[in-house]
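Reader: I'm new to reading protein structures and would like to study one part slowly rather than everything at once. Could you walk me through the second half of this chain and show me how it fits in with the rest?

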Amino acid sequence: MRIAFLGLGRMGSGMATRLAQSGDHTLTVWNRTADKAQRFTELGASIAKDPIEAVRDAEVVITSLLDDQSVEALFHEGSEVLKALPPTAIHLCVTTISPDCANRLQDLHAANGSRYVSGPVIGRPDASAAGKLVQFLAGDTSAIKVVSPICHAFAEQVMPLSVRDAGVANSQKLCINFFVASLIEVMGECFTLGEKLGVPRQNLAFFLDKSLPLPGLKVYVERLFKRETDSTTGFTMTAGRKDLGLMLRAAAAVDCDIDIATIIAEKMDIAISQGMQNLDWSATQEITRQRAGLLN
Ligand SMILES: NC(=O)c1ccc[n+]([C@@H]2O[C@H](COP(=O)([O-])OP(=O)(O)OC[C@H]3O[C@@H](n4cnc5c(N)ncnc54)[C@H](OP(=O)(O)O)[C@@H]3O)[C@@H](O)[C@H]2O)c1
């Protein structure tokens with residue numbers, strides 16, 4: 001298929017590489033910061049100078065951008081990108097966006113004659129590059145049939161949801177990220193409490209590691225134990241704070257308290273105010289440590 005891939009960040013670069021390496025598609029890529037696109041010529045992809053050029057001949061457009069704003073800057077009523085999109089094209093959005101934004105995009109494409117699928121993913125950049133993501137799909141049923149085989153290039157589990165609203169896939173992603181963020185918070189507090197009480201950190205790491213079956217969760221035991229905060233292969237504090245905001249807004253809209261999310265968001269705000277915006281989102285443990293008087 002002719003695929004346009006927009007957004008070559010930590011997650012997008014892995015997915016686009018997998019698509020290029022599959023040899024099954026004609027791939028055109030675009031990234032706001034052009035340098036990140038250069039290496040895709042070696043993989044046989046074309047590099048578009050802007051998103052309008054990227055989508056012009058596409059059958060499927062995949063957006064791996066940051067948030068609601070970055071996706072809707074390209075796809076809104078009357079936008080140049082939407083005008084350039086072939087009428088039968090499918091927009092698959094793998095970005096973590098709000099359920100409301102996903103539903104707006106679904107309506108936008110329906111009015112335009114094109115089709116929309118929400119496809120948020122679970123897994124970190126290493127899983128993206130290894131084709132081991134888990135992905136939820138919701139939206140236009142006929143479009144889901146078309147994009148599912150494409151998604152198998154980067155996701156080992158592709159789960160179509162039998163719901164009408166595309167936003168349900170995004171709600172499911174937010175619920176799972178709420179669980180992961182909460183687990184990170186509890187484990188960071190556990191390590192900090194242990195340290196204050198004189199418990200060897202490795203004893204807690206051993207127990208926490210044994211408690212968690214999934215590699216994607218175990219990685220946080222190791223990160224928190226070693227206090228590894230680099231986000232090059234992870235998820236930035238800025239993006240994590242965006243997700244906490246999405247969770248809190250989605251929960252508030254249905255009158256559901258998710259109290260621990262408020263605590264995590266506050267710690268993230270403090271971390272960001274201290275210049276930690278580009279560290280991994282699990283670096284909130286450093287704020288827990290500071291509050292406990294552990295200053296190194
Ligand atoms: N990292 C993870 O572990 C993970 C896991 C699951 C889902 N996600 C989700 O996947 C998405 C991408 O995350 P990531 O970790 O790949 O983030 P990232 O490395 O920061 O990449 C973000 C991408 O979005 C582009 N972008 C940001 N703002 C833009 C704007 N206003 N206009 C155009 N392009 C813009 C960036 O372009 P530039 O290169 O020019 O900055 C980059 O290509 C996010 O929604 C995130 O929540 C991440």
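**A close look at the second domain**

Author: D255 is exposed, with a relative accessible area of 74%. Happy to walk you through it, and please keep in mind that this is a predicted model. You will find D255 in the loop between α11 and α12. Its phi is near 55 degrees, which is a positive value in a residue that is not glycine. Most residues other than glycine have a negative phi, and that is the background for looking at this loop. R227 also shows a positive phi without being a glycine, at about 55 degrees. This residue belongs to the loop between α10 and α11. R227 counts as partly exposed because its relative accessibility of 29% lies between 20% and 50%.

Now let us step back and place these loops in the chain. The domain assignment divides the protein into domain 1, residues 2-164, and domain 2, residues 170-291. Measuring between C-alpha centres, the two domains are 28 Å apart. They also touch: 18 residues of domain 1 are in contact with 21 residues of domain 2.

The ligand is a good place to see both domains at work on one site. Both domain 1 and domain 2 give residues to the shell around the ligand, so the ligand lies between them. That shell has 25 residues, and the closest are M11, N31, T33, K36 and K242. Sorted by class, 8 of the shell residues are nonpolar, 10 are polar and 7 are charged. Two helices, α1 (10-22) and α11, each supply at least two residues of the shell.

Some individual atoms are worth finding on your screen. The side chain of T33 has an N or O atom 2.5 Å from an oxygen atom of the ligand. T96 takes part through its backbone, with an N or O atom 3.0 Å from a ligand oxygen. G9 likewise uses a backbone N or O atom, which lies 3.3 Å from an oxygen of the ligand. Taken alone, the ligand has 890 Å² of accessible area, and the protein covers 86% of it.

T96 leads us back to domain 2, through a residue of α11. D243 is in helix α11, and among its contacts is T96. Leaving aside neighbours within four places in sequence, D243 is also in contact with L174, N177 and F235. With a relative accessible area of 0%, D243 is buried, because buried means under 20%.

Next, look at helix α10, where R223 sits. R223 is buried too, at 7% relative accessible area. Its side chain reaches the backbone oxygen of D230 at 2.9 Å. Beyond its neighbours within four places in sequence, R223 is in contact with several residues, including R124, E228, T233, D280 and S282.

Let us finish at the end of the domain, with helix α13. Of the 8 residues in α13 (residues 284-291), 6 are buried, so this helix is largely enclosed by the rest of the structure. The buried ones are T284, Q285, E286, I287, T288 and R289. What covers them includes α8 (167-196), α9 (201-211), α10 (215-226), α11 (237-253) and α12 (259-273). Just after α13, G293 has a positive phi of about 80 degrees.

One residue of α8 ties this picture together. E195 lies in helix α8 and counts as partly exposed, at 27% relative accessibility. Setting aside neighbours within four places in sequence, E195 is in contact with R201, R289 and L294. R289 is one of the buried residues of α13. E195 and L294 are 99 residues apart in sequence, and their C-alpha atoms are 8.9 Å apart in space. Try finding that pair in the sequence, then in the 3D view.

How values were computed:
Residues are numbered from 1 along each chain as its sequence is written. This is a predicted model: local features need pLDDT of at least 70, side-chain atom pairs count only at pLDDT 80 or more; totals for chains, interfaces and linings use all residues. Side-chain values use heavy atoms; hydrogens and water are left out. Buried means under 20% relative accessible area, exposed over 50%, partly exposed in between (1.4 Å probe, protein chains only). Helices (H or I, at least four residues) and strands (E, at least two) are DSSP runs, numbered from the N terminus. Contact means heavy atoms within 4.5 Å. A residue is near a molecule or strand if one of its heavy atoms lies within 4 Å of it. A polar contact is a pair of N or O atoms within 3.5 Å; within protein, one must be able to donate a hydrogen and the other to accept it, and residues adjacent in sequence count only if both atoms are side-chain atoms. Accessible areas come from the Shrake-Rupley method with a 1.4 Å probe; for residues, only the protein chains shown count as cover. Ala, Val, Leu, Ile, Met, Phe, Trp, Tyr, Cys and Pro count as nonpolar, Asp, Glu, Lys and Arg as charged, and the others, Gly among them, as polar. Domain bounds come from an automatic or database domain assignment.
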